[in-house]
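Grab a pencil and work through these short exercises on cores, cavities and cysteines. Try each task yourself before you read its solution.

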Amino acid sequence: MKKAHDLEPGATLVLAEVEGAGRIVRLWLTLPLLGQRDALRNVVLRMFWDGEEEPSVNVPLGEFFGAAFGAPKRVVSRYIVREGGAFLSRFVMPFNTAARIELCNEGRRRVRQVFFQVGYLEEPARTEPLPTFHAQFRRKRVAAGDPAVEVLAARGTGRLVGVTVAIENRSWWLKPPIRHIVLPRGFGLGLLEGWETIVTDDDVEQALVGTGAEDYFLSGFYFAGAPFFTPTHGCTHRSFFSGRVAAYRFHEDDPVPFTTSLSFLFDHGLKNQMAGEYSSTAYWYQAEPHAPFPPLPDVEARPYAFAWVNPVQWLVVGILALTLVAVLAYACAA
């Protein structure tokens with residue numbers, strides 16, 4: 001029988017608790033977002049494998065499913081889906097001796113009517129433990145000249161399988177030299193001129209260095225034609241007016257393996273010269289133990305503050321364009 005669950009402030013709802021070996025193959029849940037959209041950031045999804053005390057997955061609910069900027073963005077991919085009013089994960093998550101999946105309401109309001117299903121397979125006891133699934137959320141606001149944004153710093157043996165990111169410009173791009181407005185400032189989306197750097201096993205000389213953030217997400221030209229969705233990559237949001245962009249990529253056929261460590265960084269603009277805010281979720285598998293996760297932002301700090309610097313600059317552009325048109329019209333009529 002279907003049963004809705006309410007989460008009081010500070011309460012934890014156990015979605016699954018399994019003993020023995022097996023694997024999670026499907027996680028589905030839904031809840032009404034009308035009047036409680038803040039549940040996307042205040043409710044945290046946690047997963048514990050094999051009796052560990054610290055979770056291997058510790059991500060706000062919406063962020064795990066690619067709900068960029070605190071909104072229920074549409075996502076249609078091979079591994080996560082946010083469509084039709086529900087959230088779906090198709091990540092295969094093996095466990096060796098036990099599994100526990102839970103939701104924790106860290107907000108100050110009750111979350112109403114949570115429905116969920118967890119599909120899993122029971123398997124024979126393992127002679128060798130399998131690597132387990134991990135997901136980590138990070139959020140960072142950077143100023144021009146700050147170091148690159150860290151998406152993940154993992155220790156151990158494993159493989160990176162995916163990244164989602166939401167980026168917001170906080171730079172004044174409408175300034176001299178004028179030739180830089182188009183490139184590298186990109187009319188406010190010049191943060192995408194920053195490339196990714198992936199270092200495995202502390203081997204900096206063999207680092208994987210990209211050519212731009214949208215290129216890492218297997219796209220180009222500031223996500224031309226967005227939004228779009230494919231099984232392995234896509235752009236769920238792009239707006240020059242708001243200076244916001246969100247994207248996902250899953251390494252289905254090209255996972256990034258590491259033996260001792262993995263570091264994943266994004267430059268914020270060319271040579272880190274643009275200010276902005278980055279929210280990211282990294283997905284990977286590894287043998288335990290994993291390195292300690294950074295703490296999640298405080299609940300009060302999780303709402304996304306709209307960066308008015310972007311529409312203000314477009315308003316200035318509009319005024320200048322109208323002024324130029326009026327001057328040209330007057331000159332032609334004279």
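**Exercise 1.** Sort the residues that line the largest cavity into nonpolar, polar and charged.

*Solution.* Keep in mind that you're looking at a predicted model. Start with the sorting: the lining of the largest cavity splits into eight nonpolar residues, six polar ones and one charged one. Next, look towards the middle: the lining has 15 residues, and Gly66, Ala68, Thr164, Val165 and Ala247 lie nearest the centre of the cavity. Now check the elements: strand 14 (158-169), strand 19 (244-250) and strand 22 (276-286) each give two or more residues to this lining. Finally, put a volume on it: the largest cavity comes to about 100 Å³, and the model has three cavities of 30 Å³ or more.

**Exercise 2.** Find which residues touch the most other members of the largest nonpolar core.

*Solution.* This core has 50 residues, and the ones to pick are Leu15, Leu31, Met47, Phe64, Phe91, Phe133 and Tyr283. Then ask which strand gives the most: that's strand 4 (residues 43-49), with five residues. Now zoom in on Phe91: leaving out residues up to four places away in sequence, its contacts include Phe64, Phe133 and Tyr283, and Ile24, Val161 and Phe250 are also among them.

**Exercise 3.** Decide whether Cys235 is buried or exposed, do the same for Cys332, and count the disulfides.

*Solution.* Cys235 has a relative accessible area of 0%, so it's buried. Cys332 has a relative accessible area of 70%, so it's exposed. As for the count, the structure holds zero disulfides.

Terms used: Residues numbered from 1 in each chain as written. Predicted model: local features only at pLDDT ≥ 70, side-chain atom pairs only at ≥ 80, totals over all residues. Heavy atoms only, no water. Core = buried A, V, L, I, M, F, W, Y, C linked by side-chain atoms within 4.5 Å. Buried < 20%, exposed > 50% of the residue type's maximum accessible area, 1.4 Å probe, protein only. Helix = DSSP H or I, 4+ residues; strand = E, 2+ residues; numbered from the N terminus. Contact = heavy atoms within 4.5 Å. 1 Å grid on protein atoms, 1.4 Å probe; cavity = no way out; pocket = protein on both sides within 12 Å on 5 of 7 lines; lining within 4 Å. Points joined across faces, edges and corners; volume = space filled by probe spheres on them. Nonpolar A, V, L, I, M, F, W, Y, C, P; charged D, E, K, R; others polar. Disulfide = S-S within 2.5 Å.
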